[in-house]
Amino acid sequence: MPSQPAAGTDTVTTMTGGRAVARALAAHGVGVLFGIPGTHNLEVYAHLRPYGVHPVTTRHEQGAAYAADGYARTSGRPGVVLTTTGPGLLNTVAAVGQAYSDSVPLLVLSPGMPLRHPALPTGRLHETPGQQRAMEAVTAFSHRVTSVGEIDTAVARAFTSFRTGRPRPVHIEIPLDLLEESGPVTTRPRRTAPAAPARADAGELLRAAHQLRRAGRTALVVGGGARAAGPACTRLAELLGAPVVTTANGKGTVAESHPLSLGVALHTGTVQKWLADCDTVVAVGTELAESDFWRPPPAPGGVLIRIDIDPDRMYADPPADIPLTGDAATVLDDLLRHVAEPPRAPVAVSDSPASAARALGSGPAPVPGPVRPPVALADRLRRSSRAEHAARDARWVPYLDALRGVLATDAVITSDSAMACYYGALPHMPLDPPGRMLHPTGFGTLGYALPAAVGAATARPDRQVVALSGDGGLQFTVQELATAAQLDRPLPVVVFDNGGYGEIRNQMEARGAAPVAVDLPSPDLPALARAYGGNGAVARTPRELAAALATALCTPGPTVIVVPEETRA
């Protein structure tokens, strides 16, 4: 790696824009990126390895963005994507939109038309009117630099946004003439400042604490924004004796083996009725969105306390009665202290934050230790919610149990928008450590599981990684089997094959219509895996699946394991 100046020195070096990109990435700790070399980005690729950045070449740019997403969710660091201009960049849009929906930090880098490119089309290679505007629709922002020296600033801005607010994708466009052009760059990069934990308003904290002390029936709803706050969520639930339900992205934040955990069950009528009957609902790091409830979100029957780093969540439907804007772990730690120590003056939920703040005690109270939770309510809710859809979901449970019996306790599971995943694995495959299951919610793209598994395996080569998919979704990105083969490490891909688009088939039948354009003959997927340099098998029983998975976990390269299903639910 090229030598860097001593700390505290500022010198100016002349370098190309391509080198400036590689250098800026290295300065922010980027060690790997996903993408495909193209005519317009070769100057960046020329400098990646000298700066210690390893490129992973996928077979499609959409796969590159999904892989970067899986890398980010697994490693806890931003994923980086490098594309070429026009079609290369636009191929990432669906995957970047998924990362935006799920609050995943991605840095998407691309060339753009030259600085002085005419406004009217010229027919230049990859010329795309409004390329930057297209990315603005699925990113927090899109930044087009105007000089070589600005590249450092743009990359620092991106990493600052990841650390100081709701993490979402960012696009940086470098005009292709700047990539080859040399310009002055300050040799000491503009690094991101340490992000101070964001604390909620003191008065709002007191109002929330008072409400929680007086509430008789309390619920915790935990989303992906609380992944780093699992211990605090657990302690608050135990202190209040409150059952906990999670969104798909919050799965495992509170261990699903915990007696108060209901798992991923917001979509069930049992849990929705329970939330409506609660005196207080504490929503941590979640939008409480339609994609969480599988219907328009119902209004909580009692007081809604929202804890979220995104201030926009506080007045979104359903709006917060008590808004606690800030970092989930920090806010929860503060809230725990206030709940443990009653205020010196009465505080009403209707009080203003200013008047509530006057009741603040002079010193922090010790955080209480866990108490023995009342588990009867949680157990009843858990049993009732699982019984609602037992007939529909039962066919996947034995196979999921077989998977759990083979996988290590820290294995990473990536899933697709497939029936076996959202009806099966999300509610019926209990997991404990957060971040073990990566699922595309909200935006709901297809084709996520396989390339996301490539990214997860790149991030954590020391852990087992398994992809769960359906036959329809797999074929959106099946070419990434070649990328998985190049990794040369075990990567099982379990495919539940129902002969087409099973969910849409069921919806057509529910409307009283004959299925149209959804019954698709499946290719020989195990043979296709072998053609890509991997392995393949068919598992017709849970026992066969367990055996095939055990073998796949010891075999370098991808192994596609097909589980044939009936074509009707």
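This passage looks at one pair of packed helices, then at a pocket and two cavities in a predicted model.

Two packed helices are described by the angle between their axes and the distance between the axes. Here, helix α11 (residues 269-277) packs against helix α15 (residues 376-388) at about 140°, and their axes lie 7 Å apart. Since angles over 145 degrees count as roughly antiparallel, α11 and α15 are therefore oblique to each other. On the α11 side, Gly269, Thr270, Val271 and Trp274 make the contact, and they meet Leu377, Leu381, Ser384, Ser385 and Glu388 of α15. Sorted by class, this contact has four nonpolar, four polar and one charged residues.

Helix α11 turns up again around the largest cavity, where it gives the largest share of the lining, three residues. This cavity holds about 90 Å³ of space. Its lining has 11 nonpolar residues, one polar and no charged ones; among them are Gln272, Leu275, Ala276 and Phe293.

Helix α15, for its part, helps line the second largest cavity: β11 (261-264), α15 and α18 each supply at least two residues there. About 70 Å³ of space lies inside. Ser385, which also meets α11, is one of the lining residues, as are Arg386 and His389. The mix here is four nonpolar, five polar and two charged residues.

Then there is the second largest pocket, with about 720 Å³ of space. Of its 36 lining residues, Ser417, Ala418, Tyr422, His439 and Glu503 are the closest to its centre. Helix α18 gives the largest share of this lining, five residues. By class, the lining splits into 15 nonpolar, 16 polar and five charged residues.

Technical notes
Residues numbered from 1 in each chain as written. Predicted model: local features only at pLDDT ≥ 70, side-chain atom pairs only at ≥ 80, totals over all residues. Heavy atoms only, no water. Axes fitted to C-alpha atoms, helices over the stretch in contact; angles between N-to-C directions. Helix = DSSP H or I, 4+ residues; strand = E, 2+ residues; numbered from the N terminus. Parallel < 35°, antiparallel > 145°, perpendicular 65-115°, else oblique. Contact = heavy atoms within 4.5 Å. Nonpolar A, V, L, I, M, F, W, Y, C, P; charged D, E, K, R; others polar. 1 Å grid on protein atoms, 1.4 Å probe; cavity = no way out; pocket = protein on both sides within 12 Å on 5 of 7 lines; lining within 4 Å. Points joined across faces, edges and corners; volume = space filled by probe spheres on them.
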